Amino acid sequence: MRVLKSRQLTILTTDQCTAKCSHCSMNSSPGRRSRLSSEQICRYVDQAVESTEIRFVIFAGGEPLLLGDDLFRSLEHVHRRGLRSRLVTNAYWAINPSTASGIVSKLRATGLNELNISIDDFHLPYINAQRVKHAFLAARKLDFEAVILVHCSGPNTLFNSAQLDALIGERLPRMFNDQGEAVALRRSGKRPFVAVSNSTLQAIGRGTNLEIGEVQGQKDWPQQARAIGGCPWAVRSPAVAPNGRLVACCGFEVLGNPILDIGDLETHSLSGLLDQADNDLPLNMIALEGPYALMDHMREVNPDLPFRPYYRSFCELCQDIVTNPVLRAALVQIMPIRAPAILARRETLRETAPTRTIANGT
């Protein structure tokens, strides 16, 4: 029985995008060309249903709509296999209200449950805001479970919260407060649920090169992060990269990373790779102890390690640990020290975990 149970799977459909946003965590751009076919996606979905506890699939990228009919076939297959789905898009395709209505209707007809549409300073040089408005207004007329506008902001944001409200014509609920804490929004039962995912700019992926400065309202984040402990996404929310490799998460691009790149789905089964990840010590350290605890343990051995003064998220810190050669070597150094605690934690979780039967195992 796996201890690090995967509950959802992100399909990074392509690394190609119609935009080249300066904050993109996945380094997507018009010039990149890797993409998954519907045959590949459907095969991964079948394996997820038959040998894992994954019951939710997220289609992201890059820009998923660039897959054309392959995307719609994949969404239909996800629905036929009894899984729920979400799609993240920049709405480049919503050139007018009629076209927007036709595409969102087709998306809903495939069984897509949730639609996320990105809009912020970083997308607007490439995507006209009116297209986002066309897509949002068309989608909210349909029976989606949720239609969410994803708005990323930082200290120098120009397209701010008030401008977003003016574009849509109303004040939508925000999913996070000014301190970056999740807000418990009440869902009336009316579909779709509409809101703004007002995320904070992070120095990950291409955003690492941005001058972000200090983000107000998050002074106590390091303490909160240490209280949370393990990373909730590592292995528990794996992703399929556009070249068919399984990676531990979709927080940033990790192809070829010796810690977070799990393996090739063309030569290994999804179940086999998840078993491998579940028994991998560095991945367990990230998932069960978390990047902040690892930073503390690493500093106990070497106080002079080149960590940044402040990190805004698990992903920012994890990216540093697994990509900086000095920090990665320090992580390897503490592995024998942390192994007994990790094994004990896994045993406790194994003893207390409820058993759930799946198609080809437990």
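These exercises work through a predicted model.

## Exercise 1. Aromatic pairs

Classify the ring pair Trp221 and Tyr292, then follow the contacts outward from Tyr292.

Step 1. The structure holds four aromatic pairs.

Step 2. Take Trp221 and Tyr292. Their ring centres are 6.2 Å apart and their planes stand at 85°. Planes over 60 degrees apart count as edge-to-face. So this pair is edge-to-face.

Step 3. Place the two residues. Trp221 is in helix 6 (residues 221-228), and Tyr292 is in helix 9 (residues 291-301). The pair therefore ties together parts that are 71 residues apart in sequence. Trp221 and Tyr292 are both buried.

Step 4. Move on to Tyr292 and Phe314. Here the centres lie 6.1 Å apart with the planes at 75°, so this pair is edge-to-face too. Phe314 belongs to helix 10 (residues 314-323) and Tyr292 to helix 9, so parts 22 residues apart in sequence are tied together. Phe314 is buried, as is Tyr292.

Step 5. Collect the cluster. Trp221, Trp233, Tyr292 and Phe314 form one aromatic cluster.

## Exercise 2. Charges over rings

Find which ring lies under Lys106 and which lies under the charged end of Arg108.

Step 1. For Lys106, the ring is that of Phe72. Lys106 lies over its face, 4.3 Å from the ring centre.

Step 2. For Arg108, the ring is that of Phe144. The distance from the charged end to the ring centre is 5.8 Å.

## Exercise 3. The nonpolar core

State how many residues the largest nonpolar core has, and list the contacts of Leu260.

Step 1. The largest nonpolar core has 106 residues. Leu107, Leu260 and Met298 have the most contacts inside it.

Step 2. Set aside the neighbours of Leu260 within four places in sequence. Leu260 then contacts Val247, Ala248, Cys249, Phe252, Val254, Leu283, Ile286, Cys318 and Val322.

## Exercise 4. Cysteines

Decide whether Cys231 and Cys318 are bonded or free of any disulfide.

Step 1. Search the whole structure. The search gives zero disulfides.

Step 2. Check Cys231. Its nearest cysteine sulfur is that of Cys318, 6.4 Å away. A disulfide needs the sulfur atoms within 2.5 Å. Cys231 is in no disulfide.

Step 3. Check Cys318. The nearest cysteine sulfur belongs to Cys249, at 6.1 Å. Cys318 is in no disulfide either.

Step 4. Add the accessibility. Cys231 has a relative accessible area of 8%, so it is buried. Cys318 has 9%, so it is buried as well.

## Exercise 5. The sheet

Give the strand order of the sheet and identify the strands at its edges.

Step 1. Nine strands form an open sheet. Their order is 6-5-4-3-2-1-7-8-9, and the pairing is mixed.

Step 2. The edges are strand 6 (193-200) and strand 9 (261-264). Each has a single partner strand, so one side of each is left without a neighbour in the sheet.

Step 3. Look inside the order. Strand 3 (residues 84-89) and strand 4 (residues 114-118) run parallel and are joined by four bridges. Thr89 has Ile117 in strand 4 as its bridge partner.

## Exercise 6. Backbone outliers

Locate the cis peptide bonds at Gly62 and Pro192, and the positive phi values of Asn27 and Val235.

Step 1. Recall the background. Most residues other than glycine have a negative phi, and most peptide bonds are trans.

Step 2. Take the cis bonds. The bond from Gly61 to Gly62 is cis, with omega near 5°. Gly62 sits in the loop between strand 2 (56-60) and helix 2 (69-80). The bond joining Arg191 and Pro192 is also cis, with omega about -5°. Pro192 sits in the loop between helix 5 (161-168) and strand 6.

Step 3. Take the positive phi values. Asn27 has phi near 60°. Its place is the loop between strand 1 (8-12) and helix 1. Val235 has phi of about 70°. Its place is the loop between helix 6 and strand 7 (239-240).

Step 4. Assign the exposure. Asn27 has 26% relative accessibility, so it counts as partly exposed. Val235 has 0%, so it counts as buried.

## Exercise 7. Asp46

Work out where Asp46 lies and which residues it touches.

Step 1. Asp46 is part of helix 1 (residues 38-51).

Step 2. Its relative accessible area is 21%, so Asp46 is partly exposed.

Step 3. Leave out residues up to four places away in sequence. Asp46 then touches His77 and Arg81.

Step 4. Compare Asp70. Asp46 and Asp70 are 24 residues apart in sequence and 16 Å apart in space, C-alpha to C-alpha.

How values were computed
Residues numbered from 1 in each chain as written. Predicted model: local features only at pLDDT ≥ 70, side-chain atom pairs only at ≥ 80, totals over all residues. Heavy atoms only, no water. Phe/Tyr/Trp six-rings, centres within 6.5 Å; stacked < 30°, edge-to-face > 60°. Helix = DSSP H or I, 4+ residues; strand = E, 2+ residues; numbered from the N terminus. Buried < 20%, exposed > 50% of the residue type's maximum accessible area, 1.4 Å probe, protein only. Lys NZ or Arg CZ within 6 Å of the ring centre and 35° of its normal. Core = buried A, V, L, I, M, F, W, Y, C linked by side-chain atoms within 4.5 Å. Contact = heavy atoms within 4.5 Å. Pairing = 2+ DSSP bridges.
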